[in-house]
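Visitor: I should like to understand the reasoning behind the terms applied to this model. May we go through them in turn?

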Amino acid sequence: MKASVLIVDDEPGVRAALAGVLRDEGYEVDAVDSGEAGLDRLTRAAYDVILLDIWLPGIDGLTTLQRMRDRQVDAPVVMISGHGNIESAVKAIKIGAFDFVEKPLSLEKTVLVVSNALRQQRLEVENRALRARVDQDLKMVGEGYAMSQLREQVAMAAPTNGRVLISGGNGTGKELVARSIHALSRRRGGPFVEVNCAAIPEELIESELFGHVRGAFTGAVSDRRGKFELADGGTIFLDEIGDMSLKTQAKVLRALQEQIVEPVGGAARIRVDTRVLAATNKDLTEEIKAGRFREDLYFRLNVIPIFVPPLRDRQEDIPLLSEHFMRLFAREYGRRFKSLDPSAAAVLAHYGWPGNVRELRNVIERLMIMVPGEVITAQDLAFLGGGVRPAPAEAVEEIRQLHDARDAFERDYILKALARQQGNISRTAEALGVERSNLYRKMRALGIAAPRGSERDEDGG
Ligand SMILES: Nc1ncnc2c1ncn2[C@@H]1O[C@H](COP(=O)(O)OP(=O)(O)OP(=O)(O)O)[C@@H](O)[C@H]1O
Ligand SMILES: [Mg+2]
């Protein structure tokens with residue numbers, strides 16, 4: 001697929017020179033002579049990069065840029081700045097232009113900036129979801145049997161280009177498996193594009209997957225590329241595929257059979273080279289029996305099946321995973337690494353983990369924020385409550401005694417500190433070296449009533 005560039009410049013010489021050199025570089029190029037004409041073009045076609053002159057007759061470059069932003073044109077814009085109006089160029093960058101080039105133009109430099117913009121844009125598309133969660137690294141942690149099997153399956157599937165259907169419960173790590181497969185494949189340099197089939201409203205999913213042409217439906221103000229096309233040369237990850245409607249399933253099946261997508265409302269047939277990975281937390285064979293999932297699509301997708309087991313079946317990995325997440329959140333929140341004492345480790349090992357690895361991650365995050373000291377104890381995990389499966393009786397007894405002793409000690413200690421500070425919570429917290437909110441929490445857990453008249457303003461939880 002050729003990338004497309006729109007040039008907006010009133011000087012015919014500049015348009016001709018730029019269009020020529022960019023076409024030589026393999027771009028599809030359109031050129032217009034005013035901001036108005038540029039905006040008009042953008043309602044009819046999608047471009048990958050826009051070159052926009054600052055000095056224009058009619059509405060100037062900055063206004064044109066602003067209108068593009070208002071219309072949510074998300075192609076990167078490179079400003080062409082006349083000699084001596086660097087200030088406007090800087091302003092343009094502030095409104096969201098990608099970069100600027102100066103007249104008289106160096107064609108070589110301009111080509112370079114365009115290709116940078118394009119690369120940046122691709123990264124952007126690919127990473128939009130990812131960047132929000134900077135911690136999303138691709139390490140599959142776990143040394144137990146289940147994890148080593150899983151790693152082996154991922155390594156075998158990755159280089160083949162085959163379709164993979166990843167199944168497993170909520171939060172088991174299906175997306176991580178998909179990302180790992182992409183990262184270990186020959187397509188790793190291409191985009192990884194995720195589509196959450198459950199999160200997109202039924203009436204938009206086809207457009208999301210296959211794109212649409214302007215006017216295809218209300219709100220389709222310009223052409224839009226679908227995710228299959230955006231994933232060209234890379235991988236598309238169809239998450240929660242079990243939630244896709246039968247109608248959309250039929251279209252996806254066609255796209256898989258023919259490697260061709262048809263944007264909604266258009267006549268074009270676009271050939272794409274996209275590897276398909278899918279995931280589901282449903283039992284698709286059940287869905288097929290119930291008439292909610294197409295059997296033919298299931299067979300197409302399930303070329304390489306990978307099952308991610310629930311966390312309770314790989315208990316041996318819990319300590320490693322906990323450490324992994326602690327390191328992650330210690331970095332993210334700038335806190336010191338904490339350790340789990342044996343009582344806490346026992347609670348984590350015996351808990352049922354209905355939310356699997358994601359739940360463990362959330363639990364660790366919570367502990368890293370809430371626990372003031374450097375050691376996490378079973379007491380800090382009391383919020384896991386009823387989900388804890390019974391530990392062996394002796395272990396429970398030991399833990400209970402240890403807890404009781406610790407609680408009694410802490411209670412006494414805090415009460416004395418409070419007395420020394422005449423019940424002033426802020427000063428007590430300071431004296432004990434903990435956050436005020438932590439002290440409140442601790443007191444509540446230990447059954448110490450807050451002294452009357454103590455300020456309870458910003459104490460949230
Ligand atoms: N083996 C693992 N090692 C390290 N982190 C993991 C592992 N498995 C899962 N995670 C982390 O746990 C979280 C949940 O994993 P992921 O999103 O891949 O699960 P999922 O099965 O797609 O979940 P859902 O069903 O909710 O979509 C992510 O932050 C992921 O990075
Ligand atoms: Mg997922």
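Guide: In this predicted model, the shell around ligand 1 draws at least two residues from each of α7 (174-183), α13 (318-333) and α15 (356-370).

Visitor: What makes a residue part of the shell that surrounds ligand 1?

Guide: A heavy atom of the residue must lie within 4 Å of the ligand. For ligand 1, 20 residues surround it, and Val141, Gly171, Lys174, Leu176 and Arg358 are the closest. By class, the shell holds 7 nonpolar, 7 polar and 6 charged residues.

Visitor: Why is ligand 1 said to lie between domain 2 and domain 3?

Guide: Domain 2 (145-309) and domain 3 (313-446) both contribute residues to its shell, and therefore ligand 1 lies between them.

Visitor: What makes the pairing of Lys174 with ligand 1 a polar contact?

Guide: The cut-off is 3.5 Å between N or O atoms. A side-chain N or O atom of Lys174 is 2.8 Å from an oxygen atom of ligand 1, so the pair qualifies. At 3.1 Å, a side-chain N or O atom of Arg361 also qualifies with a ligand oxygen. Glu175 qualifies through a backbone N or O atom, again 3.1 Å from an oxygen atom of ligand 1. Of the 630 Å² that ligand 1 exposes when taken alone, the protein buries 92%.

Visitor: Which residues of helix α18 are called buried, and on what criterion?

Guide: Buried means under 20% relative accessible area. In α18 (residues 436-446), Arg436, Asn438, Leu439, Tyr440, Met443 and Leu446 are buried.

Visitor: What follows α18?

Guide: Gly447 follows α18, with a positive phi near 75 degrees.

Conventions:
Residues numbered from 1 in each chain as written. Chains lettered and ligands numbered in written order. Predicted model: local features only at pLDDT ≥ 70, side-chain atom pairs only at ≥ 80, totals over all residues. Heavy atoms only, no water. Polar contact = N/O pair within 3.5 Å; in protein donor to acceptor, adjacent residues only side chain to side chain. Areas by Shrake-Rupley, 256 points an atom, 1.4 Å probe, with all protein chains shown as cover. Helix = DSSP H or I, 4+ residues; strand = E, 2+ residues; numbered from the N terminus. Nonpolar A, V, L, I, M, F, W, Y, C, P; charged D, E, K, R; others polar. Domains from an automatic or database assignment. Buried < 20%, exposed > 50% of the residue type's maximum accessible area, 1.4 Å probe, protein only.
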